[in-house]
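This report describes the fold of one protein, with attention to its central sheet and the helices that pack against that sheet. Please keep the sequence and the model at hand while reading.

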Amino acid sequence: MPARLLDFARAALGDLVAPLRCAACDEKLRTRSLLCRCCADTVERWRGPDDPWAYAQFGGALAQALRRLKYGARPDLGESIGQVVAAALPPCDIDLVVPVPVPYCRLVERGYNQAALIARPIATRLGRRLEPLALWRAEGVKQASLGREERLANVRGALAVRRPQAVRGRRVLLIDDVSTTGATVQACRSVLLEAGARGVCAMVVARAGSPLEGSASLDAHGTHEVHGGHLW
Ligand SMILES: [Zn+2]
């Protein structure tokens, strides 16, 4: 059998014969799920402000699974993580799904955009089109040393809407893996709105920081509804 055909057969069969394993600790699983019971117990659902809406607090086994997806050459975890989040997502009235882009050089290095992999099963579940290339991001200055406002300006300067015709007049669901300061999501939202998007709501798999942070401004807007509410 030619080598390529053999590889294909292995890949196709792998899912059937290889044992299912926990995305964080590699424990064998009896049923198809993202995490083993022990690791699942470490996941804390996000109960804070919902812009962006988040599935969970960043930490524990979910953080480990996200790190493996991003840095451990495990693109397969994107689909599994996306499925878990899709099942928990509150109703949202959107036209298309757009992942937050990774800087171009990191895309080349990693070979995939983890946010796009997570976004795929979410778009499928919502029955909406995925536009993985709608946004483009150049390499900006390293974010770690910057404050929140500087981060925002830095990301915004590096972002471009590559396919404005795809977003004009549409309601967009923006998806990312992790949000720390929210600067990336906010920068993506503003370039999408500038390009003519009718609205942008955002969701991430995990948010870093305390759920209580930002609750004062949330009160001021009177939008307490978090989980089980509506994104729009
Ligand atoms: Zn586990």
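Buried residues make up 38% of the 232 residues in this protein, whose coordinates come from a predicted model. The chain contains 10 helices and 9 strands. Among the contacts between residues at least 6 apart in sequence, 73% join residues at least 24 apart.

**The sheet**

Five of the strands, in the order S3-S9-S8-S4-S5, form an open sheet with parallel pairing. Strands S3 and S5 (129-130) stand at its edges with a single partner strand each, so one side of each is left without a neighbour in the sheet. Helix H6 (residues 114-126) packs on this sheet and touches S4, S5, S8 and S9, its direction making about 135 degrees with that of S8. Helix H9 (residues 183-194) also packs on the sheet, where it touches S8 and S9, and its direction makes about 160 degrees with that of S8.

Three of the pairings within the sheet are set out below, each with one bridge.

| Strand pair | Sense | Bridges | One of the bridge pairs |
|---|---|---|---|
| S3 (residues 53-57) and S9 | parallel | 4 bridges | Ala 56 and Ala 206 |
| S9 (residues 199-207) and S8 | parallel | 8 bridges | Asp 176 and Val 204 |
| S8 and S4 (residues 96-99) | parallel | 4 bridges | Leu 96 and Val 172 |

Further bridge partners can be named for S8: Ile 175 stands opposite Met 203 in S9, while on the side of S4 the partner of Val 97 is Leu 173. As a general point, strands of a sheet pair through backbone hydrogen bonds, either parallel or antiparallel.

**Strands S8 and S9**

How many residues of strand S8 are buried? In S8 (residues 171-179), 8 of the 9 residues are buried, so this strand is largely enclosed by the rest of the structure. Strand S9 is likewise mostly covered, with 7 of its 9 residues buried. The two strands are also linked along the chain, since S8, H9 and S9 make a right-handed β-α-β unit. H9 is thus seen in two roles, as the helix of that unit and as a helix packed on the sheet.

**The pair of helices H4 and H6**

Helix H6, which touches the sheet at S4, S5, S8 and S9, has a further packing partner in helix H4 (residues 76-88), the two helices meeting at an angle of about 45 degrees with their axes 7 Å apart. An angle of that kind is neither under 35 degrees nor in the range 65 to 115, and H4 and H6 are therefore oblique to each other. H4 passes H6 in a right-handed crossing. On the H4 side the contact is made by Gly 78, Glu 79, Ile 81, Gly 82, Gln 83, Val 85 and Ala 86. The residues that H6 brings to this contact are Gln 114, Leu 117, Ile 118, Ala 119, Arg 120, Pro 121, Ile 122 and Arg 125.

How values were computed
Residues are numbered from 1 along each chain as its sequence is written. This is a predicted model: local features need pLDDT of at least 70, side-chain atom pairs count only at pLDDT 80 or more; totals for chains, interfaces and linings use all residues. A residue is buried if 20 or more other C-beta atoms lie within 10 Å of its own, exposed if 12 or fewer, and partly exposed in between; C-beta atoms are placed from the backbone. Two strands pair if DSSP finds at least two bridges between them. A crossover is right-handed if, with the strands pointing away from the viewer, the path from the first strand over the helix to the second runs clockwise. Two residues are in contact if their C-beta atoms, placed from the backbone, lie within 7 Å. Axes are lines fitted to C-alpha atoms, for helices over the stretch in contact, and angles run from 0 to 180 degrees between N-to-C directions. Angles under 35 degrees count as roughly parallel, over 145 as roughly antiparallel, 65 to 115 as roughly perpendicular and the rest as oblique. A crossing is left-handed if the near helix is turned anticlockwise from the far one by less than a right angle, and right-handed if clockwise.
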